[in-house]
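Hi there,

Here is the structure I promised to pass on to you. Have a look first, and my notes follow below.

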Amino acid sequence: MNTPTGRTPLDSTRPLTIAVMAMGGQGGGVLVDWIVELCEGNGWVAQASSVPGVAQRTGATVYYIEALAIPPSAKGKVQPVLGLMAASGEIDIVIGAEWMEAGRAILRGLVTADRTTLIASTHRAYAVVEKQTPGDGIADPAVVFYSAKTNAKRLIAFDMAAVGEQTGSAISAVLFGALAGAKVLPFPREAYEATIRHAGIGVEASLRGFARGYDLAGAEQPESWQAGKPKQQPGLTPVGNAAFDALVARASTEFPAPCHDMIAAGLARTVDFQDIAYGREYLDVLGSLLALDRSCGGEARGFALTRTAAKYLAVAMAYDDVYRIADLKTRGTRFDRVRREVAAAPDQLVDTTEYMHPRIEEVAGSMPAPLGRFIESRPALFRALDRIVNRGRRVRTTRLGGFLMLYILSAGRRFRRGTLRHKTEVAHRDAWLARVREAPPKNYDLAIELLTNRRLVKGYSDTHSRGLSKFDRVMTAAKRLEGRDDAALWVRRLREAALKDEEGAALDGALKTVESFL
């Protein structure tokens, strides 16, 4: 039929639109190829495009698909023009291969309540900006969940990366199964499976992942982010080791129930760091803080001071030194974890290279205290030795030489109590706790904040030095704030500022604010 002008009217049939948000290595391209082949194999016209991104996530890519059903009678007579870029408010299906990628799609306006089905994996692959923050820079996944529930017409979300590991497949196969299980495309399950078989690569594993994704997509979706997550269980339970179980029994008897879970974690950490005697020392020090807590009416506060001390005392006692680093890098559990993370097959070899950069400070700290002090007290000798040891090294722990070097070094932990580093850490710990003990009679909340300041001291080498410097600055300011009703509040603000950036710019600003009213 012609218009009055003699021209054929344009067909305004709307294509089905799909946006896929994926990072490098997740098989986003494979998933898109499957979707396009699925559509074309069922008589549709489909077109895919992609915009790679190498910003904060070093490889997040937006794939876009438009697909249109062409009536058999019209084949060969029409050539639809399809779009190349996802547009806000115009997407029918959004697939997020990682949870924050789903959040990114929501921020871009690609997910709308009137039309979009959002299919996303709830696992996390942390962005650079999350990992570089000295404190907890991890974005809150619950925010994305509730935003998705509000903005999406339908949400299908579960840990598809875990399903991929369990089935020995790539996450792309699980996502494809979830797409089929969502039943938002008018194609039968058999058509999806035929598409995987036609690709001809990793067929059996992909079909396993597809089947599991299909089943979970049809299951009831949670209404709360915490739904189905295991509840924390009391941790002070015997493990079958007589010496450790004796410590557990002591802790269960001497400490109040509200602290048991935290003490269990601290006890496990200190014993793993050194030995049973070190765990006994942990309970001894913690017991003195419990006595202080009781004398200040801590029972009415749920023994908050003791519970906080249980956590940060363990952190202070299980510090990172050369023996600890060598121990962690040569454990069988670490090699198993690396194999799982790279999805290595049982018959595949995995080569692991450790990047290490020791300074003379770490070397001297690992020596017997008298020898370490001798080196540190002679600047010329200290600098000369630093020029020798302060250089980057690559140690291949999957080779006999590299593994034995670190394994033998890790065995030196039995001499740790006599090292300069241990003497320094114990002195620093005792000075910190002395400050805490001064506070409760005056300000219970301030004592808790002083304990929590230990969060600032972490890591190894330069990272440890920067954290220690921030800790000292915050503790110095806390001393000047004592006597004020809002001292605890300001100490918390200073600590949070110190955790915002590695360089300490936020802390500098916060300290200037404190100086302005002192």
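A quick word on naming before anything else: helices (H or I, at least four residues) and strands (E, at least two) are DSSP runs, numbered from the N terminus. Please also keep in mind that this is a predicted model.

With that naming, Ile408 sits in helix α18, which covers residues 400-410. How exposed is Ile408? Its relative accessible area is 60%, and exposed means over 50%, so Ile408 counts as exposed. Ile408 also belongs to a nonpolar surface patch, together with Leu400, Leu404 and Tyr407. The accessible area of these four residues adds up to about 450 Å².

Now to the sheet. There is an open sheet of 6 strands, with mixed pairing and the order β2-β3-β1-β4-β5-β6. Its edge strands, each pairing on one side only, are β2 (44-52) and β6 (154-158). On average, neighbouring strands in this sheet are turned by 10° against each other, direction ignored.

Strand β1 (residues 16-22) is a good place to start looking around. On one side, β1 pairs with β3 in the antiparallel sense, over 7 bridges; one of the bridge partners there is Glu66 in β3, matched with Thr17. β1 and β4 (residues 93-96), in contrast, run parallel and are joined by 4 bridges. Among the partners in β4 are Ile95 for Val20 and Gly96 for Met21.

Is β1 mostly covered or mostly open? Mostly covered: 7 of its 7 residues are buried. Leu16, Ile18, Val20 and Ala22 point one way from the strand, while Thr17, Ala19 and Met21 point the other way, and all are buried.

At the other end of the strand order, β5 (117-121) and β6 run parallel, joined by 5 bridges. Thr117 has Arg154 as its bridge partner in β6. Why is β6 described as largely enclosed by the rest of the structure? Because 4 of its 5 residues are buried, even though β6 is an edge strand.

One more element to look at against the sheet is helix α2 (residues 99-107). Helix α2 lies across β1, β3 (61-69), β4, β5 and β6, and runs at about 150° to β5.

If you colour by burial, β1 with its 7 of 7 buried residues and the exposed Ile408 would make a handy pair to start from.

Best wishes

Methods
Residues are numbered from 1 along each chain as its sequence is written. This is a predicted model: local features need pLDDT of at least 70, side-chain atom pairs count only at pLDDT 80 or more; totals for chains, interfaces and linings use all residues. Side-chain values use heavy atoms; hydrogens and water are left out. Two strands pair if DSSP finds at least two bridges between them. Axes are lines fitted to C-alpha atoms, for helices over the stretch in contact, and angles run from 0 to 180 degrees between N-to-C directions. Contact means heavy atoms within 4.5 Å. Patches are made of residues with over 30% relative accessible area and no salt bridge: like charges are joined within 9 Å, nonpolar side chains (Val, Leu, Ile, Met, Phe, Trp, Tyr) within 5 Å. Accessible areas come from the Shrake-Rupley method with a 1.4 Å probe; for residues, only the protein chains shown count as cover. A salt bridge is a side-chain nitrogen of Lys or Arg within 4 Å of a carboxyl oxygen of Asp or Glu. Buried means under 20% relative accessible area, exposed over 50%, partly exposed in between (1.4 Å probe, protein chains only).
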